[in-house]
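Trainee: Got a minute? I'd like to go through this one with you before lunch.
Mentor: Sure, pull it up and ask away.

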Amino acid sequence: MTSMFIEPSKVFAPCGDGVRDIENAALLRRPRFLVGLARILLHAPRMLKRPTCLLLTLGLMTGLSLGIRAAEASKPEPWMPLFNGRNLDGWTPKIAGYELGENVGQTFRVENGLLRVVYEGYTEFGGKFGHLFYKTPFSNYILRVEYRFVGQQTPGGPGWAFRNSGMMIHSQSPESLRKAQDFPVSIEVQLLGGDGQHPRPTGNLCTPGTHVVMGGELITRHCTDSRSKTFPGDQWVTAEVEAHGNGKIIHRVNGETVLEYERPQLDPGDPDAKKLIRDGNTMLHGGYIALQAESHPVEFRKVEIQRLER
């Protein structure tokens, strides 16, 4: 490809050292840019005798400065850890049948740098579906977790919840859940582990109280399988969800795209979702993030987010 860079000293050669200093200063590097600007100011008295040269030079400097700022603005935001590896600061549990903040049986805990969902304090699951909510809502972002399933399912857990967890996104606030509510109105990135017998893809979509659009069609079924492979045993898996407000949402597993859809929205036929509809607008543009507890122990060693531009 032919380079679009024009050597200033060749274009503005009659203007002398002022423009040559711009070129020699390697303007795409900020410190040298400032040096070049200082030199231009030193040459200003001589260049005032040639107003055209001065205007061209200052115009070139302005253009390059704006280019540098645009390049810096386009840099992606850094990844921000939501789990600090030490405690549950910033997170609040909500377990069905209990008050917000009541961590029944220490279901959610931090041990050895891992965020663990465990059931050592349970004799039976008893429908205690839990969700650990992060304090801040998000709209445009990539959420990434590293997770694995361990141990045995808690007695009394439903069969479908074997090696089953999830990342809830675009969720209602934890304060707005009913005390007995099993699942928040949200979009779920379902995380599954293999059972040793059947295909069980992970990074699936489930929609408690919500719908999405996929391939131009409104999807009202509760769950949709992804294209991922099955991950048996206690191996670590990386799952990502890239959310663009009410636009496209992408699921990735170990870096591979496995599912895409758009226009997440509230289900007017769901009693809990119906209460969240304002002025007839069902579209979801963001919301809270939560991690699930559905009766099978699961561990997270990383939970992080990267904000995206709108």
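Mentor: What follows is a quick tour of this predicted model, from the overall fold down to single residues.

Trainee: Okay, basics. How many helices and strands does the protein chain have?
Mentor: The protein chain has five helices and 17 strands.

Trainee: And what share of the residues is buried?
Mentor: Of the 310 residues in the protein chain, 48% are buried. As for the outside, the chain exposes about 15,700 Å², and carbon and sulfur atoms supply 53% of that area.

Trainee: What about contacts between residues 24 or more positions apart, how much do they account for?
Mentor: They make up 68% of the contacts in the protein chain with a separation of 6 or more.

Trainee: Let's look at β17. Why would you call that strand largely enclosed?
Mentor: Strand β17 covers residues 298–307, and seven of its ten residues are buried, so the rest of the structure largely encloses it.

Trainee: Which strands does β17 pair with?
Mentor: Strand β6, residues 140–149, is one of them, running antiparallel to β17 over nine bridges. Strand β4, residues 114–117, is also antiparallel to β17, with three bridges. Then there's β1, residues 80–81, which pairs with β17 in the antiparallel sense over two bridges.

Trainee: Can you give me residues to click on? What is the bridge partner of R144 in β17?
Mentor: That's E304. P81 also stands opposite E304. For the β4 pairing, try R116, whose bridge partner in β17 is E299.

Trainee: New topic: holes. How many cavities of 30 Å³ or more are there?
Mentor: One. The largest cavity holds about 50 Å³ of space.

Trainee: Which residues line the largest cavity?
Mentor: The lining consists of Y147, R148, F149, R163, L192, G193, F231, G233, Q235 and V237. Strand β6 gives the largest share of that lining, with three residues.

Trainee: I had T202 marked in my notes. Where is T202?
Mentor: T202 sits in the loop between β8 (187–192) and β9 (204–206).

Trainee: Is T202 buried or exposed?
Mentor: Buried, because its relative accessibility is 1% and the cut-off for buried is under 20%.

Trainee: What does the side chain of T202 reach?
Mentor: It reaches the backbone nitrogen of L192 at 3.0 Å. Leaving out residues up to four places away in sequence, T202 touches Y147, Q190, L191, L192, S226, S228, K229, F231, V253 and V258. You'll recognise some names from the cavity, since Y147, L192 and F231 are among its lining residues.

Trainee: Last one: backbone angles. What is phi of H170?
Mentor: Phi of H170 is near 50°, a positive value in a residue other than glycine. Most residues other than glycine have a negative phi. R263 also has a phi near 50°.

Trainee: Where are those two, H170 and R263?
Mentor: H170 is in strand β7, residues 164–171, while R263 is in strand β15, residues 256–266.

Trainee: And are they buried or exposed, H170 and R263?
Mentor: H170 is buried, with a relative accessible area of 1%. R263 counts as partly exposed because its relative accessibility is 38%.

Trainee: Great, I'll go and click through those.

How values were computed: Residues are numbered from 1 along each chain as its sequence is written. This is a predicted model: local features need pLDDT of at least 70, side-chain atom pairs count only at pLDDT 80 or more; totals for chains, interfaces and linings use all residues. Side-chain values use heavy atoms; hydrogens and water are left out. Helices (H or I, at least four residues) and strands (E, at least two) are DSSP runs, numbered from the N terminus. Buried means under 20% relative accessible area, exposed over 50%, partly exposed in between (1.4 Å probe, protein chains only). Contact means heavy atoms within 4.5 Å. Accessible areas come from the Shrake-Rupley method with a 1.4 Å probe; for residues, only the protein chains shown count as cover. A polar contact is a pair of N or O atoms within 3.5 Å; within protein, one must be able to donate a hydrogen and the other to accept it, and residues adjacent in sequence count only if both atoms are side-chain atoms. Two strands pair if DSSP finds at least two bridges between them. On a 1 Å grid over the protein atoms alone, a cavity is a set of points where a 1.4 Å probe fits but cannot get out, and a pocket is an open set with protein on both sides within 12 Å along at least five of seven lines; lining residues have an atom within 4 Å of a point. Grid points are joined across faces, edges and corners, and a volume is the space filled by probe spheres set on the points.
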